[in-house]
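Thanks for making room for me this morning. I would like to walk you through a few local features of one model, so please keep the sequence and the structure in view while I talk.

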Amino acid sequence: MNIQRLIAYGLTCGALAWLPTLARAAQLRDVLRDFSVRTWTKADGLPDDSVTTLLQTSDGYLWIGTGTGLVRFDGVKFTGIPLPAPGAKQPIPITALCEDRTGHLWIGSQDHGLFCRFPGADLARPVKHYGKTAGLIDDNVTSLTTDAEGRLWVGTRHGVSRWDGSRFSPFTTREGLPDEMVSSVHAARSGTVWITTRGGMCRLVQDRLVPFHFPSATLERDPEFLGAYEDTHSNLWAFCATYLVNLAEGKRINYFPGEKSASLRNWSLCEGRGGRLWIGASGRGVFCFDGVDFQPVILNEGRWPNDVRAICEDHEGNLWLGIS
C-alpha cells in the first residue's frame, strides 16, 4: 500500500552554501545523496498519511494540509485546526495554503470552499468560512496566491475568484480564461498574476486577462501546463509534466527526455537557497535544477517512496516533502 508521508529532508544551510552555482552533473550527483531524513506519519500525529500541501508562515510554524484536515507543526507536535463548514459531516480535504501580507492564513479545500485564520488567533478558535453563498465562484479550491496589492486569488475548478478584502470578483471564460478548470494561480514578484488552466495560460494585464502564447519550438503536441513560478532572479518558469520553459527566454529544458507526459506529473516546485529549483514529480521523486543540470535527489539509497506531492524549503534550509 502506498503511504504518503511528511519528510523533513535535511539540506542544511552549509550544504547548500558551498555548492558552486554552475556545478557539473557529476558534482551534483555526489552531493545530492543520503542526507539526514526523518519521517512523520499518522502515527506521529498527522491527521492523515496523505499530505497535499505545505506552507511555512512568517512566524516560523509549518502548516500541513492533508486529505482529512489541517495541522500546525511547531517542531515537536502537531496541533489540529478546526475547520467548520456548513453541511460538512466528514473531515475536510485541504488543497491549498497561502499567507497574505497581513498575516492571515488562507486555506483552500475540496468541496468546502475557503477558510481564513486571523493572525494571533487561538488555535481552538474557529476560522472564518467563505463559500459560494459568500460570492466564491466554486467550492472546489485548487490554488491560492496573493498579488502585490494584497488581493487574494483563488483558483477553482470553475474559474477564479479575486478577494479584495470585502468581496469576490469572478474571472471565467467570459473574462478571458482559456478554460475554467484552473490548476494554478501565481503572483510574480513583477506584479503579474499568471493563471494556468487546462486549456492554456493567461496573465492579468491592466486588470484584463490576456492569453499567453508559447513559442512553438518550446512545446510538445497538446501540452498541459500545470503551473508558473518566478524565481528570485526574475526568471519566470512554466512547468509541464516532463519539462520546464523559461518564459523570459522562450527556452525549453527537458529533464525526462523521451518520456510521455501521461506517465509523469509535476506536483510541486519551489526555489531553495542558492537559487536552485526543487521539483517534486509523480513517480520520480525530487529533482534539483541549478540552471544547467537536472539531478535526482537520492533519499536513503532509494528506499523512500517517490511520489512527491508537496515541497517547501523552510527558513533554516530544511526541505519538507509530502510524498507517497
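Let me begin with β8 and strand β9, residues 114-117, which pair in the antiparallel sense over four bridges. If you want one contact to find by eye, take I107, whose bridge partner in β9 is F115. I should say at once that this is a predicted model, and everything I describe is computed from it.

That pairing belongs to an open sheet of four strands, which run in the order β7-β8-β9-β10 with antiparallel pairing. The strands at the edges are β7, residues 94-99, and β10, and because each has a single partner strand, one side of each is left without a neighbour in the sheet. From one strand to the next, the twist averages 20 degrees.

Now to the aromatic residues, where the structure holds eleven aromatic pairs. Take F73 and F78: their ring centres are 4.4 Å apart and their planes stand at 20 degrees, so this pair is stacked. F73 counts as buried, at 4% relative accessibility, and F78 is buried too, with a relative accessible area of 13%; the cut-off for that word is under 20%. A second pair brings us back to the sheet, because the rings of W106 and Y130, with centres 5.7 Å apart and planes at 35 degrees, fall into the tilted class. This pair links distant parts of the chain, since W106 sits in strand β8, residues 105-109, and Y130 in strand β10, residues 128-130, with the two 24 residues apart. Both W106 and Y130 are buried.

Which residues do ring pairs link into a cluster? They are W40, F73, F78 and W320, so F73 and F78, the stacked pair I described, appear here again. Elsewhere, a charged side chain meets a ring: R72 lies over the face of Y61, at 3.6 Å from the ring centre.

Finally, a word on the backbone. Most residues other than glycine have a negative phi. Against that background, please look at Q206, which is not a glycine and yet has a positive phi of about 50 degrees. Q206 is found in the loop between β17, residues 200-205, and β18, residues 208-211, and with a relative accessible area of 76% this residue is exposed. D207 lies in the loop between β17 and β18 as well, and its phi is also positive, near 65 degrees. Is D207 buried, partly exposed or exposed? At 46% relative accessibility, D207 counts as partly exposed.

How values were computed
Residues are numbered from 1 along each chain as its sequence is written. This is a predicted model: local features need pLDDT of at least 70, side-chain atom pairs count only at pLDDT 80 or more; totals for chains, interfaces and linings use all residues. Side-chain values use heavy atoms; hydrogens and water are left out. Rings of Phe, Tyr and Trp (its six-membered ring) pair if their centres lie within 6.5 Å; planes under 30 degrees apart count as stacked, over 60 as edge-to-face and the rest as tilted. Buried means under 20% relative accessible area, exposed over 50%, partly exposed in between (1.4 Å probe, protein chains only). A charge sits over a ring if NZ of Lys or CZ of Arg is within 6 Å of the ring centre and within 35 degrees of the ring normal. Two strands pair if DSSP finds at least two bridges between them. Axes are lines fitted to C-alpha atoms, for helices over the stretch in contact, and angles run from 0 to 180 degrees between N-to-C directions.
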